[in-house]
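Student: Could you take me through one part of this model up close? I'd like one helix and what surrounds it, in a single connected answer.

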Amino acid sequence: MGRAHYDGLADDYAAFLGEQSPYYEIAADALRRLLGPGQGRCLDLGCGGGHFTALAAGLGWQVTGVELSRDQLRHARARLPGAELLHADVASLPFAAASFDAAFSTFTHTDFDDFAAAVGEARRVLRPGGRLVYVGNHPCFVGATQEHGRDGCPILHPGYRRAGRWSAADAPGATPGGWRVRVGSFVHLPLAQFLEAFAGLALVACEEPADGSEYPKTIALAWEKPRA
């Protein structure tokens, strides 16, 4: 398994989500629209503390959450007693092919060391015609090299094409005292590499949810696994 970067930080992250709730509610609205209600099996890749897992369960889905951080799973199990929540690596899922009707992941491409492998595993376990929804930070405007501007316009720094894990100390996009400084690092994927991770899936919808800023901070995508 990879390294669980959020072990020891789950309590802090839960507090951070509460502090930033207006921003994450915009992401939640996008997930509700793109995933929609359902009654089948739904996989949450990198479920964290179960914040969005609970949303999907509220839509009627039978949700299974997978998370590498045992500390995060502690929060998820407290939020969703009785739910199927597994300690596993999203790059090597312990499920049979075509065993889920839908899948989603939120704010994970900046944390997964191999985002393409995780999406590939999601594609494998989805049934033909199943939907994968991804909601996360916009790769062009939020990341290691994109500093938050006070007027809502990002300040772009050199290094955009340098994909991979960045130390927060070397990343101008890490807000002083912000979450990424507390974690210590984050992964940057340029837009092309981010989109290539979804190869083999058909794009159904793409949104850049508005939050009052001049430039979008969030991207929301719905994909479908092609039928034979």
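Tutor: Sure, and keep in mind that this is a predicted model. Let's start at a turn-off point: glycine 60, just after H3, takes a positive phi of about 105°. Now step back into the helix itself. H3 spans 51-58, and its buried residues are Phe52, Thr53, Leu55 and Ala56. Looking down the axis of H3, you'd find these buried residues within an arc of 155°, so they line one face of the helix. That fits a general pattern: an α-helix has 3.6 residues a turn, so residues three or four places apart point the same way.

What sits over that face? The cover on the buried residues of H3 includes H2, strand S1 (41-45), S2 and S4.

Take leucine 31 as a way in from the other side. Beyond its neighbours within four places in sequence, leucine 31 is in contact with residues including Phe52 and Leu55, along with Phe104 and Val133.

This leads to the largest nonpolar core, which has 28 residues; Tyr24, Leu31, Leu35, Phe52, Phe104 and Val133 are the ones touching the most other members. H3 is among the elements that each supply at least two residues of this core, and so are helix H2 (21-35), strand S4 (100-106) and strand S5 (126-137). H2 gives the most, eight residues. Apart from this core lies another, of 27 residues, with Ala103, Phe115, Leu201 and Trp223 among them.

Methods:
Residues are numbered from 1 along each chain as its sequence is written. This is a predicted model: local features need pLDDT of at least 70, side-chain atom pairs count only at pLDDT 80 or more; totals for chains, interfaces and linings use all residues. Side-chain values use heavy atoms; hydrogens and water are left out. A nonpolar core is a set of buried Ala, Val, Leu, Ile, Met, Phe, Trp, Tyr and Cys residues joined through side-chain atoms within 4.5 Å. Buried means under 20% relative accessible area, exposed over 50%, partly exposed in between (1.4 Å probe, protein chains only). Helices (H or I, at least four residues) and strands (E, at least two) are DSSP runs, numbered from the N terminus. Contact means heavy atoms within 4.5 Å. The arc is that of the directions from the helix axis to the C-beta atoms.
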